[in-house]
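Student: I've got a new model to look through and could use some help reading it. Can we go over it together, one question at a time?

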Amino acid sequence: MVSILQNLHQKTYRLETIVTEQKNPFYFTTKSYARQVEVYYFGKVKELHQFQVLVVDFDFSDDENAMGKLIKKISYLFDELECKVDEEGNIMTVDNLLSLRLRWVQIQEELSKSHKGDVMDRYFGQVTNLLEDEDKLIGFLGGYNMFGLLFNGLFNSFDTKMKRESSEGFTEIMTPVKNGDTVILKISAENLEGLGVEHFRGLFVCKKNNYEEGFIEIRKHNYHLKHSLVWTG
């Protein structure tokens, strides 16, 4: 039987994060960060599944201002990812880590010409430190704003209800609902008290072992985050 992971081969997805920030009671800002990604599956290596993910297009709503341009240039660092994932879809290794480090040296050198100061030095240092620690990098890449809707560690949840601890400290609850050959994975949360998260919900859709759609919504004090994934071809 072909698994959900194997069915990711040669699929194209649109990943998007929409951030709404309440600056004050009367003023909101909304920014969107969308990427078109192509996924290629190269079989199993021992117990892990080998993938390549290519970001073929970026569409950032604020890429005309200075900060938006900076974020977009840094995002190009992660436009190619080679990784291995387990049966649940968790990223376990980053296989092109050396090339990412070398590419960051080039990107940082270019950006440093026009972005100077202590704030930028600290920001560049954070990226450098991230690339030096594979475990932290895997955690970053597995975030919903990166590739966490694609490699989400939930593919076995389409068969049975489960719980897991989120990176922010609350408990995610995954409940599969089957309707013919379609399985909708409903995601809710508990233990949100004291964590600054006011609302959390999600929905993943799988049809005939094809992962077609994913959605996560997080509401915090002044932020409203919507992460989405849609299979486009």
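## Strands, hairpins and helices

Tutor: Sure! Keep in mind that this is a predicted model. Strand E7 and strand E8 (residues 182-190) run antiparallel, and nine bridges join them.

Student: Which residue in E8 is the bridge partner of Thr-171?

Tutor: Look across from E7 to E8, since the two strands are joined by bridges. The bridge partner of Thr-171 there is Glu-190.

Student: And which residue in the turn between E7 and E8 has a positive phi?

Tutor: These two strands form a hairpin, with two residues between them. In that turn, phi is positive, at about 65°, for Gly-180.

Student: What about E6 and E7, how many bridges join them?

Tutor: Strand E6 (residues 162-165) and strand E7 (residues 171-179) run antiparallel. Lys-163 stands opposite Ile-173 in E7, and Glu-165 has Thr-171 as its bridge partner there. The number of bridges joining E6 to E7 is four.

Student: How many residues lie between E6 and E7 in their hairpin?

Tutor: Find the turn first: Gly-169 sits in it, with a positive phi of about 100°. The number of residues between the two strands is five.

Student: Zooming out, in what order do the 11 strands form the sheet?

Tutor: It's an open sheet, and the pairing is antiparallel. From one end to the other, the order is E5-E4-E3-E2-E1-E11-E10-E9-E8-E7-E6.

Student: Which are the edge strands?

Tutor: Check which strands pair on one side only. Those are strand E5 (91-94) and E6.

Student: What does the twist average from one strand to the next?

Tutor: Here you go from strand to strand and take the average twist. That comes to 20°.

Student: Back to the E5 edge: which residue stands opposite Val-94?

Tutor: Strand E4 (residues 80-85) pairs with E5 in the antiparallel sense over three bridges. Helix H4 (residues 134-141) lies across both strands, running at about 125° to E5. Opposite Val-94 in E5 stands Cys-83.

Student: Now helix H2. Why are its buried residues on the same side?

Tutor: Helix H2 covers residues 97-112, and its buried residues are Leu-97, Leu-100, Trp-104, Ile-107 and Leu-111. They sit on the same side of H2 because the arc they cover around the axis is only 75°.

Student: Which residues are exposed on the other side of H2?

Tutor: Exposed means over 50% relative accessible area. On that other side of H2, the exposed residues are Leu-98, Leu-102, Gln-106 and Glu-109.

Student: Are H2 and H3 roughly parallel or roughly antiparallel to each other?

Tutor: The axes of H2 and helix H3 (residues 118-132) come within 10 Å and cross at roughly 170°. Angles over 145 degrees count as roughly antiparallel. So H2 and H3 are roughly antiparallel.

Student: Last one: where does Ser-228 lie?

Tutor: Try tracing its contacts, leaving out residues up to four places away in sequence: Ser-228 touches Arg-14, Leu-15, Glu-16, Leu-149, Gly-214 and Phe-215. Its C-alpha atom is separated by 16 Å from that of Ser-61, 167 residues apart along the chain. The strand that holds Ser-228, spanning residues 223-231, is E11.

Definitions and conventions
Residues numbered from 1 in each chain as written. Predicted model: local features only at pLDDT ≥ 70, side-chain atom pairs only at ≥ 80, totals over all residues. Heavy atoms only, no water. Contact = heavy atoms within 4.5 Å. Pairing = 2+ DSSP bridges. Axes fitted to C-alpha atoms, helices over the stretch in contact; angles between N-to-C directions. Expected span 1.5 Å × (residues − 1). Buried < 20%, exposed > 50% of the residue type's maximum accessible area, 1.4 Å probe, protein only. Arc of directions from axis to C-beta. Parallel < 35°, antiparallel > 145°, perpendicular 65-115°, else oblique.
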